[in-house]
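Subject: Structure handover

Hi,

Here is the structure we talked about. Please open it alongside this note; my findings follow below.

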Amino acid sequence: MLDVFITSRVRRKIIVVYAKYPDFKTHVRGLAKLIKEDPGNIQRELRRLEKAGFLRSEKERNTKVYYSNTDFPIFKELQSIVLKSQRLHQQRRSK
């Protein structure tokens, strides 16, 4: 369902992870391993989402770590959409 509104597969996967788990923090390679996507594509999308305000980042030693910006004006709404979309997907698969 989200694929209709968020056409970038990588961006969609990133949004799902950070909306579903707002306390989740990771670096590019950790996220790449988790969602099984190319780190270069992930880096590009993380920068876009950080610039938009959905994500924040901080330096931990030599690594940039990304996490959800729960103060993002539409974070709760986006989180709700992600969760509803996943429930709908699971209901369709179970039928």
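Contact here means heavy atoms within 4.5 Å. Please keep in mind that this is a predicted model.

Helix 2 against helix 4

By that criterion, helix 2 offers Val10, Arg11, Ile14, Ile15 and Tyr18. Helix 4 answers with Asn41, Ile42, Glu45, Leu46, Arg48 and Leu49. The residues of this contact divide into 7 nonpolar, 1 polar and 3 charged.

Now the geometry. Helix 2 covers residues 9–20, and helix 4 covers residues 39–52. Their axes lie 9 Å apart and the packing angle is about 60°. That makes helix 2 oblique to helix 4. The crossing of the two helices is right-handed.

Helix 2 against helix 5

Helix 2 also packs with helix 5, residues 75–94. The two axes come within 9 Å and cross at roughly 105°. Angles from 65 to 115 degrees count as roughly perpendicular, so helix 2 and helix 5 are roughly perpendicular to each other. From helix 2, the contact uses Ile15, Val16, Tyr18, Ala19 and Lys20. From helix 5, it uses Phe75, Leu78, Gln79, Val82, Leu83 and Gln86. The split for this contact is 8 nonpolar, 2 polar and 1 charged.

Two residues of helix 2 turn up in both lists: Ile15 and Tyr18 meet helix 4, and Ile15 and Tyr18 also touch helix 5.

The hairpin

Strand 2 (55–60) and strand 3 (63–68) have a loop between them. The strands run antiparallel, joined by 6 bridges. Leu55 stands opposite Ser68 in strand 3. The hairpin has 2 residues between its strands.

Positive phi

Which residue of that hairpin takes a positive phi near 60°? Arg61 does. Arg61 is not a glycine, and it sits in the loop between strand 2 and strand 3. Its relative accessible area is 83%. The cut-off for exposed is over 50%, so Arg61 counts as exposed.

Lys36 is another non-glycine with a positive phi, about 55°. Lys36 lies in the loop between helix 3 (28–35) and helix 4. Its relative accessibility is 70%, so Lys36 is exposed too.

If you check backbone torsions, please look at Lys36 and Arg61.

Best wishes

Note on methods:
Residues are numbered from 1 along each chain as its sequence is written. This is a predicted model: local features need pLDDT of at least 70, side-chain atom pairs count only at pLDDT 80 or more; totals for chains, interfaces and linings use all residues. Side-chain values use heavy atoms; hydrogens and water are left out. Axes are lines fitted to C-alpha atoms, for helices over the stretch in contact, and angles run from 0 to 180 degrees between N-to-C directions. Helices (H or I, at least four residues) and strands (E, at least two) are DSSP runs, numbered from the N terminus. Angles under 35 degrees count as roughly parallel, over 145 as roughly antiparallel, 65 to 115 as roughly perpendicular and the rest as oblique. A crossing is left-handed if the near helix is turned anticlockwise from the far one by less than a right angle, and right-handed if clockwise. Ala, Val, Leu, Ile, Met, Phe, Trp, Tyr, Cys and Pro count as nonpolar, Asp, Glu, Lys and Arg as charged, and the others, Gly among them, as polar. Buried means under 20% relative accessible area, exposed over 50%, partly exposed in between (1.4 Å probe, protein chains only). Two strands pair if DSSP finds at least two bridges between them.
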